[in-house]
Amino acid sequence: MTVETKLPFDQDYVRSFSEERKEPSWLLNLRLQALAKVEELPLPKPDKTKIDKWNFTQFANHVVESEPLSSLEKLPEAVKALIDLNEENKNLYVQRDNTAAYVSLSEDLKAKGVIFTDIFTAVREHSELVEKYFMKDGVKVDEHRLTALHAALMNGGVFVYVPKNVEVDVPLQAVYIHENPEATLFNHVIVVADNNSKVTYVENYISTSEKANAVVNIVTEVFANTNASVFFGAVDNLAKGVTTYVNRRGIAGRDGRIEWALGLMNDGDTVSENITRLIGDGSYGDTKTVVVGRGEQTQNFTTSVIHYGKHTEGYILKHGVMKDSATSIFNGIGKIEHGASKSNAEQESRVLMLSDKARGDANPILLIDEDDVTAGHAASVGRVDPTQLYYLMSRGIPKVEAERLIIHGFLAPVVNEIPIESVKKQLIEVIERKVK
């Protein structure tokens, strides 16, 4: 499907949307400035993937509102499986299409100054704090057409802020439900760990309808300030007819730490960017990603860790499984800037092919502008290891079951990192369903 030549929205639409939500003037102005750039900016150019025919704008103004949830028991069974209903759900956000349907934060964390709320409440009640982080140092409005579209049409998401010297010991969970087949999600997520703080945030994207024809445009900005730590987990599981652009960006200050564990399980065409910038000396970034591609979908995944500070460490691990006629590009970029001495950049990208027609390209890239550093990479594309298969079958395990065990072992480095058991279980079930 081609991109619409005439956009289905204008200044009046953007202004009305913003005013209905009582947004501060700075956000309305940013939206309007972004809208003016949409048609003049080019699309991003992911390596070896043509996206000029992809739909990024149809239904872009299709906002679907629903009633807040009176009880989590009213959620679809597939969604309830993501949440531990046996515990008090004190740190949970649920969004149904474009409605903040359920928001809860424990009184203990509120008393410590932690903020965990939908993005619209955040811009009204914590305007200056949100403005400080919204599309300034992380993702820029004018990077390309899709970031400008996002800024102009942002219609959901959450804001997380952990004050200085506060450690959040339990995960914060967000569940984004795509219910209406034509609902568009332009979600913006900001996670800020201020100096000497710590937080774990885990999100799920899930489609409850198999027949979708929609656009999802996600921008995430993560900030780990001085000596702060953020663990960010995600499982994306959107339907076949959803065209997805997702940009997850992290910035780590001095001795800051950002860890990503991403299960990218969408069934539709997807472009994903994940960039961690290690700004401060002694900062650390670790990105683990698993992907399963099937059908005729096309996907492109670019993961970058950029070193600016001295003594920084950056790690990339990407494992993908391709079947049917799926095509995926895996780009891993470790870049060490001049002056980032004593830094270490390591990456590994491996793709497992389950059919003759599937295609997966693993492209490790090292860009080194400093001498006194350590860097390395590994990449492979191949089929199930026949030696492993023979070993398991020699112990009486049927071939189908042996292949399943090998695939799960191949993806385990990321699956095991997910800190919420219900989410980990869901990721395993999605993998089972997609590779059988």
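Helices (H or I, at least four residues) and strands (E, at least two) are DSSP runs, numbered from the N terminus. The structure is a predicted model, in which local features need pLDDT of at least 70 and side-chain atom pairs count only at pLDDT 80 or more, whereas totals for chains, interfaces and linings use all residues. Residues are numbered from 1 along each chain as its sequence is written, and side-chain values use heavy atoms, with hydrogens and water left out.

**Exercise 1. The ten-stranded sheet**

Determine the strand order of the open sheet of 10 strands, and state which strands stand at its edges.

*Solution.*

Step 1. Two strands are taken to pair if DSSP finds at least two bridges between them. The 10 strands then follow the order β2-β1-β5-β7-β9-β11-β13-β15-β17-β19, with mixed pairing.

Step 2. The edges are β2 (99-104) and β19 (374-383); each has a single partner strand, so one side of each lacks a neighbour in the sheet. From one strand to the next, the twist averages 5° (axes are lines fitted to C-alpha atoms, for helices over the stretch in contact, and angles run from 0 to 180 degrees between N-to-C directions).

Step 3. Within the sheet, β7 (residues 198-207) and β9 (residues 229-237) run parallel and are joined by 9 bridges. One position in this pairing is Val 199, which stands opposite Val 230 in β9.

Step 4. Helix α9 (residues 399-415) packs on the sheet through contacts (heavy atoms within 4.5 Å) with β11 (257-264), β13 (284-293), β15 (313-322) and β17 (344-353). The direction of α9 makes about 150° with that of β15. Helix α10 (residues 421-435) lies across β5 (172-178), β7, β9, β11, β13 and β15, at about 35° to β9.

Step 5. At the β2 end of the order, β1 (residues 92-96) pairs with β2 in the antiparallel sense over 5 bridges. Gln 95 has Ala 100 in β2 as its bridge partner. The two strands form a hairpin with 2 residues between them, and Asp 97 in the turn has a positive phi of about 50°.

**Exercise 2. The nine-stranded sheet**

Establish the order of the open sheet of 9 strands, and describe how β12 pairs with β10 and β14.

*Solution.*

Step 1. The order is β3-β4-β6-β8-β10-β12-β14-β16-β18, and the pairing is mixed. β3 (115-118) and β18 (359-368) are at the edges with a single partner strand each, so one side of each has no neighbour in the sheet. The twist averages 5° from one strand to the next.

Step 2. Helix α7 (residues 145-153) packs on this sheet, touching β6 (187-193), β8 (214-224) and β10, and its direction makes about 90° with that of β8.

Step 3. Strand β10 (residues 242-252) pairs with β12 in the parallel sense over 9 bridges, with Ala 252 opposite Leu 278 in β12. β12 and β14 also run parallel and are joined by 9 bridges. In β14, Thr 303 is the bridge partner of Asn 274, and Gln 299 is that of Thr 270.

Step 4. Strand β12 (residues 270-278) is mostly covered, 8 of its 9 residues being buried (under 20% relative accessible area, with exposed meaning over 50% and partly exposed in between; 1.4 Å probe, protein chains only).

**Exercise 3. The largest cavity**

Identify the lining of the largest cavity and the element that supplies its largest share.

*Solution.*

Step 1. A cavity is a set of points on a 1 Å grid over the protein atoms alone where a 1.4 Å probe fits but cannot get out; lining residues have an atom within 4 Å of a point. The whole structure contains 3 cavities of 30 Å³ or more. The largest holds about 40 Å³ of space (the volume filled by probe spheres set on points joined across faces, edges and corners).

Step 2. Its lining consists of Val 305, His 307, Gly 314, Ile 316, Gly 334, Ala 345, Glu 346, Gln 347 and Leu 366. Elements giving two or more residues are β14 (298-307), β15 and β17. The largest share, 3 residues, comes from β17.

Step 3. By class, the lining has 4 nonpolar (Ala, Val, Leu, Ile, Met, Phe, Trp, Tyr, Cys and Pro), 1 charged (Asp, Glu, Lys and Arg) and 4 polar residues (the others, Gly among them).

**Exercise 4. Two residues**

Decide whether Ile 407 and Asp 371 are buried or exposed.

*Solution.*

Step 1. Ile 407 is placed in helix α9. Its relative accessible area is 5%, so Ile 407 is buried. Not counting residues up to four places away in sequence, Ile 407 touches Val 321, Leu 352, Leu 354 and Val 435.

Step 2. Asp 371 lies in the loop between β18 and β19. Its relative accessible area is 76%, so Asp 371 is exposed. Asp 371 and Glu 179 are 192 residues apart in sequence and 52 Å apart in space, C-alpha to C-alpha.

Conventions:
1 Å grid on protein atoms, 1.4 Å probe; cavity = no way out; pocket = protein on both sides within 12 Å on 5 of 7 lines; lining within 4 Å.
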